[in-house]
Amino acid sequence: MSFSAHLASALERKSPLLQRFERLIAPASDRELEALARESQRLTRHHFGRTMRLFAPLYLSNECVNNCSYCGFSRDNGILRVTLTVEQVLREARYLHDLGFRNILLVAGEHPKFVSEGYLQECIDALKGMFPTIGIEVGPMEDDQYAEIVRHGAEGLIVYQETYQPETYAKLHTAGPKKNFGWRLDCPERAYAGGFRRIGIGALFGLAEWQKEAMALAAHLEYLYKHCWKAQFTVAFPRMRPYAGNYQYEADEQLYLSDRALVQLTCAFRVCFPQVGIVLSTRESPAFRDALAPLGVTSMSAGARTEPGGYTGAGSEDLHLTVKGRRVELEKVTGCEKATEQFKIDDSRSPAEVAAMLKSKQLDPVWKDWDEAILAH
């Protein structure tokens, strides 16, 4: 039975672990939250030491066939789009490599015409000599397609369900293959069958009641640990940020995950899932990231850009619009244009500044934690 068929019953008849998790995310006093944070920190040190893995996203394309009302790449948004060539991807990658990164996440919108068959494989082939750790965050695939990606050298996959509430999901996804709730929900299982050793899941907090999302995310993680136990897992709790099409975005007070609640949620996941990796992105403010880093987080992005060519300007000469899936040239070009970002980041510090912050908190920034030689006979 896949998780999409298991979700409803898992939340209706909660396991002892989910019952404990539910208690830990219930309203808590300051004293209770402080005790939870101390236990989270203790468990993190026990299982991960004082390490913090650093990674950077590398956006390949902001073309997309999906209409998602919360995303800057949404099909009907009139944004400046581009898909980088493999050489342009290399240009961006060399920039990140020179900054010290050995762990990158390749990100692309879902568009079979622009992000076409073989493109991702070519990118991975070009990059794997520089980066021992390559993850992907792209449109869901079949397990045999995942197996091919793994053979080319990727070993990590990130897929966020966005929201685990089927009714909310249907309202937010109005066109494109992403409309299929169950297909996306079972993506981690297909990735596991394809051979990925690292799998990351999460929800985009701000789309539905955060407690319901948190319970479903915990249920998903518990299921994956039971059925895909050879893989390593990470979880993330990204919060909504301003994006193309809604730069005036303001959080819905009924759905908002506050700073305090995010701290509690992070610590609850650490206590209930001691060995799970917890990711904190540059969506959050520098001060908040600094405060949360010692309490349970094990992986952070740094110096991130959320548009193709964001690090070096690669691809800026090929910017265009896309209307009904077709490329439309720009009528006027000033030379100052750049591809549109997926969302606005908040922490714009350089990787070196983030590393220095971690060292000031007696945490060790880890740029490389994997090499294929580990598996060599």
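Select Ile-201 and then Val-235 in strand β8: the two are bridge partners. The model is predicted, so treat what follows as a tour of a prediction.

Widen the selection to residues 198–202, strand β7, and residues 232–236, strand β8. These strands run parallel and are joined by five bridges.

Stay on Val-235 and look across to strand β9, where Ile-278 stands opposite. Add residues 277–280 to show the whole of β9. Three bridges connect β9 with β8, again in the parallel sense. Val-235 thus has Ile-201 as its bridge partner and Ile-278 opposite in β9.

Next, follow the chain between the strands. Select residues 210–227, helix α10. Together with β7 and β8, α10 forms a β-α-β unit, and this unit is right-handed. Then select residues 259–272, helix α11. With β8 and β9, α11 makes a right-handed β-α-β unit.

Now hide the strands and keep the two helices. How do the axes of α10 and α11 cross, and within what distance do they come? They cross at roughly 20° and come within 12 Å. Angles under 35 degrees count as roughly parallel, and α10 and α11 are therefore roughly parallel to each other. The crossing of α10 past α11 is right-handed.

Finally, show side chains where the helices meet. On α10, pick Trp-210, Ala-214, Leu-217, Ala-218 and Leu-221; on α11, their counterparts are Ala-261, Leu-265 and Phe-269. By class, this contact has eight nonpolar residues, with no polar and no charged ones.

Key
Residues numbered from 1 in each chain as written. Predicted model: local features only at pLDDT ≥ 70, side-chain atom pairs only at ≥ 80, totals over all residues. Heavy atoms only, no water. Pairing = 2+ DSSP bridges. Helix = DSSP H or I, 4+ residues; strand = E, 2+ residues; numbered from the N terminus. Right-handed = clockwise from strand over helix to strand, strands pointing away. Axes fitted to C-alpha atoms, helices over the stretch in contact; angles between N-to-C directions. Parallel < 35°, antiparallel > 145°, perpendicular 65-115°, else oblique. Left-handed = near helix turned anticlockwise from the far one by under 90°. Contact = heavy atoms within 4.5 Å. Nonpolar A, V, L, I, M, F, W, Y, C, P; charged D, E, K, R; others polar.
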